Amino acid sequence: MASRISGSGAVQTEVNAAINEWSWQLLTIAKEQAAGLNVAGAIAIAQTIPSRAEAYKEAQAQIEAWKKASR
């Protein structure tokens, strides 16, 4: 929902900061799931990270690593 907000200024800056914070939190949760051997759950969580988030590239790399490890 927050990723749908467009515009500029202070509100947009706050929205972007929140998206980034939530995305890093999601990636941490995904890594915890993977450590608990729930790789499918980890991938599903990491896939929810929006492409504009700072954590996106790391999430995508982690998804690929999890997929390779589970083959």
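Colleague: Leaving aside its neighbours within four places in sequence, which residues is Ala 42 in contact with?
Modeller: This is a predicted model, in which local features need pLDDT (the predictor's confidence in each residue, from 0 to 100) of at least 70 and side-chain atom pairs count only at pLDDT 80 or more, while totals for chains, interfaces and linings use all residues. Residues are numbered from 1 along each chain as its sequence is written, and side-chain values use heavy atoms, with hydrogens and water left out. Taking contact to mean heavy atoms within 4.5 Å, and setting aside neighbours within four places in sequence, Ala 42 is in contact with Ala 30, Gln 33, Ala 34 and Trp 66.

Colleague: What covers the buried residues of α2?
Modeller: Helices (H or I, at least four residues) and strands (E, at least two) are DSSP runs numbered from the N terminus, and on that basis the protein has three helices and zero strands. Buried means under 20% relative accessible area, exposed over 50% and partly exposed in between, with a 1.4 Å probe and protein chains only; in α2 the buried residues are Gly 41, Ala 42, Ile 43 and Ala 46. The cover over these residues includes α1 and α3.

Colleague: Which helix gives the most residues to the largest nonpolar core?
Modeller: A nonpolar core is a set of buried Ala, Val, Leu, Ile, Met, Phe, Trp, Tyr and Cys residues joined through side-chain atoms within 4.5 Å. The largest one has 14 residues, and those touching the most other members are Leu 27, Ala 30, Ala 42, Ala 46, Ile 49, Ala 59 and Trp 66. Each of α1, α2 and α3 supplies at least two residues of this core, but the most, five residues, come from α1.

Colleague: How far apart are the end C-alpha atoms of helix α1, and how does that compare with the span it should have?
Modeller: The expected span of a helix is 1.5 Å times one less than its number of residues. Helix α1 covers residues 10-35, and its 26 residues should therefore span 38 Å. The expected span agrees with the model, in which the end C-alpha atoms of α1 are separated by 38 Å.

Colleague: Is Ile 49 buried or exposed, and what is its relative accessible area?
Modeller: Ile 49 sits in the loop between α2 and α3. Not counting residues up to four places away in sequence, Ile 49 touches Ser 23, Leu 26, Leu 27, Ala 55, Tyr 56 and Ala 59, and its C-alpha atom is separated by 7.4 Å from that of Ala 59, ten residues apart along the chain. Ile 49 is therefore classed as buried, because its relative accessible area is 3%.

Colleague: What is the relative accessible area of Leu 37?
Modeller: Leu 37 is found in the loop between α1 and α2, and although it is not a glycine, its phi is positive, at about 70°. This residue is classed as exposed because its relative accessible area is 75%.

Colleague: The side chains of which residues meet in a salt bridge?
Modeller: With a salt bridge defined as a side-chain nitrogen of Lys or Arg within 4 Å of a carboxyl oxygen of Asp or Glu, the count comes to one. One partner lies in helix α1 and the other in helix α3, so the pair ties together parts that are 27 residues apart in sequence. The side chains that meet, at 2.7 Å from N to O, are those of Lys 31 and Glu 58.

Colleague: How accessible are Lys 31 and Glu 58?
Modeller: Both partners of the salt bridge can be placed by their relative accessibility. Lys 31 counts as partly exposed because its value is 34%, and Glu 58 also counts as partly exposed because its value is 33%.

Colleague: In which helix is confidence lowest, and in which is it highest?
Modeller: Where pLDDT is low, the predicted coordinates should not be read in detail. The protein averages a pLDDT of 92, and 89% of the residues score at least 70. Confidence is lowest in α1, at a mean of 96, and highest, at 98, in α2.
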